[in-house]
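Biologist: Hello! Could you walk me through this assembly, starting with how its contacts are laid out?

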Amino acid sequence: MMARARLATVWLDGCSGCHMSFLDLDEVLLDLAARVDLVYSPLVDAKTFPEDVDVTLVEGAVSSSEDLEKIQHIRRHTRRLIALGDCAVTGNVPSMRNMYPVSAVLARAYTDTAQIPGTPRDAVPALLPVVRPVHLVVPVDVVLPGCPPPAALIKEVLLAVLDGTTPNLKARFG
Amino acid sequence: MELEELNRIAADERAAQEQYRHRLLVCQAAGCLSAGSDKVRDALEDDIKKAGKHRLCLVKGVGCMGLCGSGPLVLLEPDNVLYQGVAAADAPEIVEHLDKQPVRHLRCPTDTPFFRRQVKIVLENSGRIDPERIEDYIAAGGYRALLKVLTELMPIGVINELTRSGLRGRGGAGYPTGLKLSTVAKAPGSPKYVVCNGDEGDPGAFMDRSVMEGDPHRILEGMAIAAYAVGAAHGYIYVRAEYPLAVERLNKAIRQAQKLGCLGPQILGTTFSFNVEVRLGAGAFVCGEETALIASIEGQRGQPRPRPPYPAMKGLWGCPTLINNVETFANIPAILRNGSEWFASIGTARSKGTKVFALSGKVKNIGLIEVPMGITLEEIIFGIGGGIPDGGRFKAVQTGGPSGGCIPEEHLDTRVDYESLRELGSIMGSGGMIVMDDESSMVEVARYFMEFCMTESCGKCVPCRVGTVQLYDLLTRFSQRSATRLDLERLESLCEMVRATSLCGLGQSAPNPVLSTLRYFRQEYLERMTDYDPRRAEEEAADGHDV
Amino acid sequence: MVTTFKINEMDVSAGEGETILDVARQHHIHVPTLCHLEGLTPVGACRLCLVEVKGSAALVPACVTRAAEGMEISTDSERLQRYRRMIVEMLFAEGNHICAVCVSNGHCELQALAGDLGMTHSRLGFLYRQKRIDASHYRFAIDHNRCVLCTRCVRVCDEIEGAHTWDVMGRGIQSQVITDLAQPWGSSSTCTNCGKCINACPTGALFKKSKAVGEMEKDTHFLGYIRTMREVK
């Protein structure tokens, strides 16, 4: 068992639903707090991903140049990486744009259907040609599908990983 | 019709041809035709007329002579002088030299291994007779075997004779032909059907086309004999529509045979009736698979179905059906005419007779050859084939098309038969043989055949429909040198899975080109991986690990 | 003729015409299937029900194979599980299956198979092929993104309804189910609007237009009733 593991959670291209499900752990969060330090998360104030993280939960697919940089950085500094939820595991809803070229996607969002047309250029990260699930970009240690994965399952998997065992999960997509 | 009448037709035909002092045989098969042999034939006829020699010299269109890469070919008989690369403009010179020394610059030597080392059974008439005249086939001994069978043998006698001959299916799998006939004969139900599979579709294969174009009556006679043996009254020849000349000549042959009473009701004056129809394939490779072919004849979508039941029990319209390849049927008349002992004396212990191969790729003599089973690959490629042109170096020979594999130099001494090729990770297949030199990339070869299987998959079962696409994508990564160690693992596990789980032979054998190139040319895959470290590989190899 | 044989070392028997799958189900031995639907002619296309026969290298599809006397069959080896997982992975990689926004979420046979077989993610590359949606019918629609080409719609339409509105077009990865001669479903002159295809479809590919995410439940019980009634007659 790790002594006060350093835990991080990140949110790439997703809807934050998996984080909501994580928060649904309710009082289990208190037990968890006794065992981990949450060193980085959209839920806390840290701005940079720390050097040395034991476990990272990744929500969302890899869609943009920023996502790509982030996940590669995170992988380098994380011991155990958990792909959390369908977007991270399969690409899910974000990947529905993969059937179309990026230019067509941008045109639909910022020109065809916009009241004030104009594609953003500098302020936002560029979209990658295809959205990919995390494990097809960097090695992933544990996958946990679900949209979102039920809180009980997140607990089971997280505790197993913290205990250093391999979770035996009965999960499904959707 | 009786034997005397067949003999009379034969004698008349021979006399009609032999009254000419010279006979110019011009190849009219697809290979030479594409090089303009139809114009050569017209030019020869014109120039003979102009020279006033039309009573001295006969011009006859014939089937494939074998040396397709040197066409158009013209054979001068009875002098047995072969001309190669003949153009229409050469006609006057050939005509002028009819009574003189042969035209030197056109002459193709025939005392070479290409001609001497072949043994012809299936192709015995090809390039000798006019495929559009039944009389020429009869003059060459045709329909004698059928007459003998119908008048002297019981159906079981035919089956026993074929069983004793050791003939095995020439479509590639090598199932014993006698056993198949016997199963159909014993299968309950009627009517029964005989089907000839002429849906030859392997890239680089043109054996069956040449037989259908060059000696179509031979197939009809073989089918009729088999039909008598199994008790069928109706037969189909399934030919791909991409072979229009074969279709035309088969249809012509069927009409001629019906007119003479060699097909139709009460064949050759006996009580046996048998008719044949041609059915066209619409260009799907998978329709060479027997259950898909049967579905296609029935007018259904050409998709395979699980076997059993085998067509021998439930085939065309649910009836017992004998289905064999063109070359298998083409062997039958010769076996019945010359006897099973004669046939069994050719070949190896378990593979009898001869095999026709379409020799192509990086080899000097490109064309159609027929060799005894048991000949070595080396004799075929370096003897008959004349070796690698332009000083190139032999690398591998691909047999069996998309279902086969690549055989490297160290196995060139292998004796060709069904079992030995299978042991090497390839198959006999229907007879495609593509020679490759050291400029060929084996990864590209595997990728080419995978692309073929991917586009020819019928889409019915998941492993073949999706697996071939995944395999093709992985091979593309190797081709682009962006593959990783993980891709190699995936490639191997996918190959294993597709082979074990696909519904029909197309899917089951689709991984073969990949597996055989991985077996003999693994280094070419490793070199295309981004994370390949030759030093580490060497260390691991020294430690006894697989790389 | 009755044959006796073994499934997973259990002694079992099969009556005339009974397949290995029939017998396995009688004994509550789970063999996964997708293209199979009780009451329709089996086609052996999805390959999920492949089982091992002792002494034979080839795997056989349980849905179409009749056991021979004395056969020893195993339905759940490590190898079979691995192959089945790969088949489901292939289906997920081939189509565009977004369970989260699918009408059949929670009631889908493909989704359930992935869960049962422990397929938590696909190691294969997704193909992301553009596929059509035909919503021209007044009550029903087909989303080809979710079609697994099991041909249950084709068979139920042909064998039970007798309309043969559905069939398959194209080959290989280009295959797709079509109505009439690839005409819009709404313009079909053969479709009887019976809805059997909707219920036969294992995924959310065929659905009723009024259904939102997770609301499309399929009911295949009608096949049993129809079969019983036809047998009685």
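Biologist: Among contacts in chain B between residues at least 6 apart in sequence, what percentage join residues at least 24 apart?
Modeller: Happy to help, and please keep in mind that this is a predicted model. Two residues count as in contact when their C-beta atoms lie within 7 Å. With pairs at least 6 apart in sequence taken for chain B, the share joining residues at least 24 apart is 74%.

Biologist: Thanks! What radius of gyration does chain B have, and why does it agree with a compact globule?
Modeller: Chain B has 547 residues, and for that length a compact globule would have a radius of gyration near 24 Å. The C-alpha trace spans about 80 × 60 × 40 Å along the principal axes of chain B. The chain agrees with the globule value because its own radius of gyration is 25 Å.

Biologist: What share of the residues of chain B count as buried?
Modeller: Chain B is built with 24 helices and 14 strands. A residue is called buried here if 20 or more other C-beta atoms lie within 10 Å of its own. Of the 547 residues in chain B, the buried share is 55%.

Biologist: Which helix gives the most to the side of domain 2 of chain B that touches domain 3 of chain B?
Modeller: The domain assignment places domain 2 of chain B at 141–344 and domain 3 at 354–440, and their C-alpha centres are 27 Å apart. Their contact draws 16 residues from domain 2 of chain B and 18 residues from domain 3 of chain B. On the domain 2 side there are four nonpolar, six polar and six charged residues. The most, three residues, comes from helix H10 (residues 207–214) of chain B.

Biologist: And in chain C, which residue class has ten members on the side of domain 1 that touches domain 2?
Modeller: Chain C is assigned domain 1 (3–76) and domain 2 (82–232), with 24 Å between their C-alpha centres. Domain 1 of chain C brings 14 residues to the contact and domain 2 of chain C brings 20 residues. On the domain 1 side, two are polar, two are charged, and the class with ten is nonpolar.

Biologist: Lovely. Which chains share the most contacts?
Modeller: Chain A and chain B do not touch, with their nearest C-alpha atoms 11 Å apart. Chain A does meet chain C, in a contact of 21 residues from chain A and 16 residues from chain C. Of the two pairs of chains in contact, the one with the most contacts is chains B and C.

Note on methods. Residues are numbered from 1 along each chain as its sequence is written. Chains are lettered from A and ligands numbered from 1 in the order in which they are written. This is a predicted model: local features need pLDDT of at least 70, side-chain atom pairs count only at pLDDT 80 or more; totals for chains, interfaces and linings use all residues. Helices (H or I, at least four residues) and strands (E, at least two) are DSSP runs, numbered from the N terminus. The radius of gyration is taken over C-alpha atoms; the globule rule is 2.2 Å times the number of residues to the power 0.38. A residue is buried if 20 or more other C-beta atoms lie within 10 Å of its own, exposed if 12 or fewer, and partly exposed in between; C-beta atoms are placed from the backbone. Domain bounds come from an automatic or database domain assignment. Ala, Val, Leu, Ile, Met, Phe, Trp, Tyr, Cys and Pro count as nonpolar, Asp, Glu, Lys and Arg as charged, and the others, Gly among them, as polar.
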